[in-house]
Amino acid sequence: MSEQFKEALNEDGSLASPVLPEGVKNYLIDIDGTITEDVPNEEPERMATCLPFPDALKTLNEWYDDGHIICFFTSRTEEHREVTEAWLDKHGFKYHSLLMGKPRGGNYHWIDNHMVRATRYKGQFTHLVEKEVTIEVFQNNK
């Protein structure tokens, strides 16, 4: 098992999926419209020439250096992987992985057995702050 993960056990003592150590976050970061201008898949020539948002580059690289996991999760397709990796490397983004093929259209609702937190990008990439909000959860029928 990788050093960055801890072994986890189910209630019955069987192995469960590994978990990150306390304080380490697993960031899933969109690319288009979040760390650079919003480039649609229909205009892939722009993917090589767009510029990163400076605040995104600085903040993400600080998170990486602090030991967090950086995974870019994009609606770009596999045919755009090479240009996307070259662009990330050219501009100095530090990251662990790149997932292609995120569903397009937004309005995401992620359901998972692990803790999930979502932050909507609204024009400025900064370190995150804690805030109380209303969320949707599963009804507990127990």
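Accessible areas here come from the Shrake-Rupley method with a 1.4 Å probe. Keep that in mind as we walk through this protein, which is a predicted model. Its accessible surface comes to about 10600 Å², and carbon and sulfur atoms account for 50% of that area.

Now for the overall build. The C-alpha atoms fill a box of roughly 50 × 35 × 30 Å, taken along the principal axes. Inside the protein you'll find 2 helices and 5 strands. Start at the N terminus and follow the chain, and the elements come in the order β-β-β-α-β-α-β.

How much of the protein is buried? Of its 142 residues, 27% count as buried. You can also ask which parts of the chain touch each other. Take the contacts with a separation of 6 or more: 63% of them are between residues 24 or more positions apart.

Let's zoom in on one residue, glycine 67. You can spot glycine 67 in the loop between helix 1 (54-65) and strand 4 (69-73). Is glycine 67 buried, partly exposed or exposed? Its relative accessibility is 38%, so glycine 67 counts as partly exposed, because that class lies between the 20% and 50% cut-offs. Try finding asparagine 26 as well: glycine 67 and asparagine 26 are 41 residues apart along the chain, and their C-alpha atoms are separated by 9.8 Å.

Last stop: the charges. The protein has 15 positive and 25 negative charges. Average the positions of each kind, and the two mean positions turn out to be 5 Å apart.

Note on methods. Residues are numbered from 1 along each chain as its sequence is written. This is a predicted model: local features need pLDDT of at least 70, side-chain atom pairs count only at pLDDT 80 or more; totals for chains, interfaces and linings use all residues. Side-chain values use heavy atoms; hydrogens and water are left out. Helices (H or I, at least four residues) and strands (E, at least two) are DSSP runs, numbered from the N terminus. Buried means under 20% relative accessible area, exposed over 50%, partly exposed in between (1.4 Å probe, protein chains only). Contact means heavy atoms within 4.5 Å. Lys and Arg count as positive and Asp and Glu as negative; His and the chain ends are not counted. The place of a charge is taken as NZ of Lys, CZ of Arg, CG of Asp or CD of Glu.
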